[in-house]
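Biologist: I'd love a close, unhurried look at a single part of this protein. Please pick one helix and walk me through its charged side chains, and then through the core behind them.

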Amino acid sequence: MNDFSNLSEFKKQLFKVYNDINKEIYGFGVIELKINILDDMIVFITRHNRVHALVILEENYRQLKEAVDKALFTEFKSRLRKVLKENMGIDPQAILRDYDPDYKVAATIVMLDSKELKKHK
C-alpha cells in the first residue's frame, strides 16, 4: 500500500489511475477531471470526447451501442477496482459509472467502507 502524505498527493495518484485506465480502454485521456472525496466515497466527474464508433452505432444500432457501452463500463470498473486495490490499497465496496453523451460528461462513484479513506487522509 502506498503512503499518501496528504490529500493533494492522494488525488494526484487517483487522477493518474483514472486517466491511464481511460487511455487503455478508449484510446485517449480525459479533457477535464474533478475528484471529490466525500465521507466514504470518491467521486470522479470527467469530461471527454465520445468514441466515434459509438456515435455511429447510436444512429442505427442503439441496442448494440448500449450493449457495447455496458461492456466498456464493466471493463473500466473492473480495471479501476483492481488498480485501486493492488496499487493503492483501497478495496471498493461498489463502483458506479454513467456517461451523458450530450454533455460528454461521465461520473464514477467509488463507494468505500467508512474506515477506508481515513487511511489516506
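Modeller: With pleasure; what follows looks at one helix, its salt bridges and the core it helps to build. Before we start, this is a predicted model, so numbering runs from 1 along each chain as its sequence is written, local features need pLDDT of at least 70, and side-chain atom pairs count only at pLDDT 80 or more. Totals for chains, interfaces and linings use all residues, while side-chain values use heavy atoms, leaving out hydrogens and water.

First, the setting. The protein chain has three helices and four strands, arranged along the sequence as α-β-β-α-α-β-β. These elements are DSSP runs numbered from the N terminus (helices: H or I, at least four residues; strands: E, at least two). Our helix is α3 (62-88).

Let's begin with its charged side chains. A salt bridge here is a side-chain nitrogen of Lys or Arg within 4 Å of a carboxyl oxygen of Asp or Glu, and the structure holds 11 of them. In α3, glutamate 66 and arginine 62 sit four residues apart, about one turn of the helix, and their side chains form a salt bridge of 3.5 Å, N to O. Glutamate 66 is partly exposed at 40% relative accessible area, and so is arginine 62 at 46%. (Under 20% counts as buried, over 50% as exposed and in between as partly exposed, with a 1.4 Å probe and protein chains only.) This pair belongs to a network of salt bridges that links Arg50, Glu58, Arg62, Lys65, Glu66 and Asp69.

Arginine 79 and glutamate 75 are also four residues apart in α3, so about one helical turn separates them. Their side chains meet in a salt bridge at 2.7 Å, N to O. Both residues are partly exposed: arginine 79 has 30% relative accessibility, and glutamate 75 has 34%.

One more pair deserves a stop: lysine 85 and aspartate 91 make a salt bridge at 3.9 Å, N to O. Lysine 85 is partly exposed at 48%, as is aspartate 91 at 36%. As background, side chains of opposite charge can pair when their charged atoms come close.

Now for the core. A nonpolar core means buried Ala, Val, Leu, Ile, Met, Phe, Trp, Tyr and Cys residues joined through side-chain atoms within 4.5 Å. The largest one has 24 residues, and Leu14, Ile42, Phe44, Leu80 and Val110 have the most contacts inside it. Along with α3, the elements that each supply at least two residues are α1 (7-26), β1 (32-38), β2 (41-47), β3 (94-100) and β4 (105-111). The most comes from α1, which gives seven residues.

Leu80 also leads us to threonine 108, a residue of strand β4. Beyond its neighbours within four places in sequence, threonine 108 is in contact with Leu80, as well as Tyr18, Ile42, Val43, Phe44, Ile95, Leu96 and Arg97; contact means heavy atoms within 4.5 Å. Threonine 108 is buried, with a relative accessible area of 0%. Its side chain makes a polar contact of 2.8 Å with the side chain of arginine 97. (A polar contact is a pair of N or O atoms within 3.5 Å; within protein, one must be able to donate a hydrogen and the other to accept it, and residues adjacent in sequence count only if both atoms are side-chain atoms.)
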